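Here are some comments on the charged side-chain pairs in this entry. Please read them with the coordinates open.

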Amino acid sequence: MVDISEAADRLANLLAVSDVELARLDLDDLLVKLLDRVRSALVTDTAAVLLRDPGTDYVVARAACGLEEEVRQGVRIALGHGFAGSIAARKEPVRLTRVDATTVTNPILWETGIQVMLGVPLLSGTDVIGVLHVGRLSAEPFTDDDVEVLQMAGERIASAIVASRLAISAAAANLLERSLQPARLPMLPGLQFAARYVPAEGRAVGGDWYDAFALPSGNLWLVTGDVAGHGIDAAVVMGRVRSALRAYALLDESPERVLELTDRKVKHFEIGTMVTLACAVAQPPYDRVRICTAGHAPPVLVAPGEPGRLIELPVGPPLGVVAGATRTAADLDWPAGAVLLFYTDGLVERRDADLGVRLDQLARLTPAEHPEIVCARVMHEMIRNDVVHDDVAVLAARRLP
């Protein structure tokens, strides 16, 4: 039996894993390090962590000391089944005084010679994120004090897992932000481009994007889009939608046909996703442009010496909402010196302001200037010092005079 005060003293080291260590170790190395301390504190022969597989009702072996084959074999246990599955489903500790095929579903546990086991749930708030269990090759049973000690360890391990996941998510978001926005805008004779992307306050990346690219045919595509949702999940879907649209654009089809094909992809493979989007296609010498939208705010067109105006376009549903939706587009002149401005709703939508008023304001203040001046102006005038709760993407393109 383990003395509770002695075990608590031993756990002081475990509970003192520093932020420096947390930053230096990846999650698997960190878990092994913590498990080794748990095993020492409770005088056990094995220790293992199984983590909840996101979006499923399974826990999967992630790290182990003395049961490394669980991880190597990718042991996967359904919630409510077996030892680990019962702990996860019940959200409470479980003790076993006999380990065999009648008490556990994983044969590794009894083949290893484990006689007694103790497990606790790993919780983040009220959500189960995994299971921590330990075992002994002797028949010495686990006591109430052992349960208390393992729960203390489980709390620390759960917090370390959450912190590590947040760090991983932030790093992944930064990589996504850099990879999913164009590294460089096109360099085409007679055209100038500029863009801005700012994630919502407090988030590193989201589902908004802009894109500008030229095809082998010379056709120019201008795109802004917005995947419903926030954070890294929306950014991942955004990357897939952006890639699909680029691939269909290579067919040199009309923008409405490309949106129909992309819509089919979203509806079939991105179930439950909604995407708004505006795109334009111009052929050399780029004096005419064909524009199609899917539930997205209309672009702004401003010609030299004229006030800016919102382009009147056919209204189409967002992607992923209506199966088999037929898209329509509109053609318009792109005069020399004129600017086309595409944007996402984070630029114009505010909880305490009328959207129509904000759209009219954007059209009025957009100048027929170099696109860098355009982007700087609209970001300054439309955002100022507001706390923006949605991502902002802006793309400006100008035909040289």
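What is the relative accessible area of E372, and is E372 buried or exposed? E372 falls between those two classes: E372 is partly exposed, at 37%.

1. The model is predicted, and the points below should be read as such. The structure contains 19 salt bridges; a few of them are taken up here.

2. E372 pairs with R196 in a salt bridge, with 3.0 Å between the closest N and O atoms. This contact joins distant parts of the chain: E372 belongs to helix α11 (residues 371–383), R196 to strand β7 (residues 191–198), and the two are 176 residues apart. R196 is partly exposed as well, with a relative accessible area of 25%, against 37% for E372.

3. A salt bridge also connects R327 and D263, where the closest N and O atoms are 2.9 Å apart. R327 sits in the loop between β13 (309–310) and β14 (330–333), while D263 is in helix α9 (residues 255–269); the pair therefore ties together parts that are 64 residues apart in sequence. Both residues, R327 and D263, are buried, which means that each has under 20% relative accessible area.

4. R98 and D100 form a salt bridge through their side chains, at 2.9 Å from N to O. R98 is partly exposed, with a relative accessible area of 46%. D100 is partly exposed too, at 21%; the cut-off for buried is under 20%, so D100 is not classed as buried.

5. Not every case should be read as an isolated pair: D211, R242 and R246 are linked in a network of salt bridges.

How values were computed
Residues numbered from 1 in each chain as written. Predicted model: local features only at pLDDT ≥ 70, side-chain atom pairs only at ≥ 80, totals over all residues. Heavy atoms only, no water. Salt bridge = Lys/Arg side-chain N within 4 Å of Asp/Glu carboxyl O. Buried < 20%, exposed > 50% of the residue type's maximum accessible area, 1.4 Å probe, protein only. Helix = DSSP H or I, 4+ residues; strand = E, 2+ residues; numbered from the N terminus.
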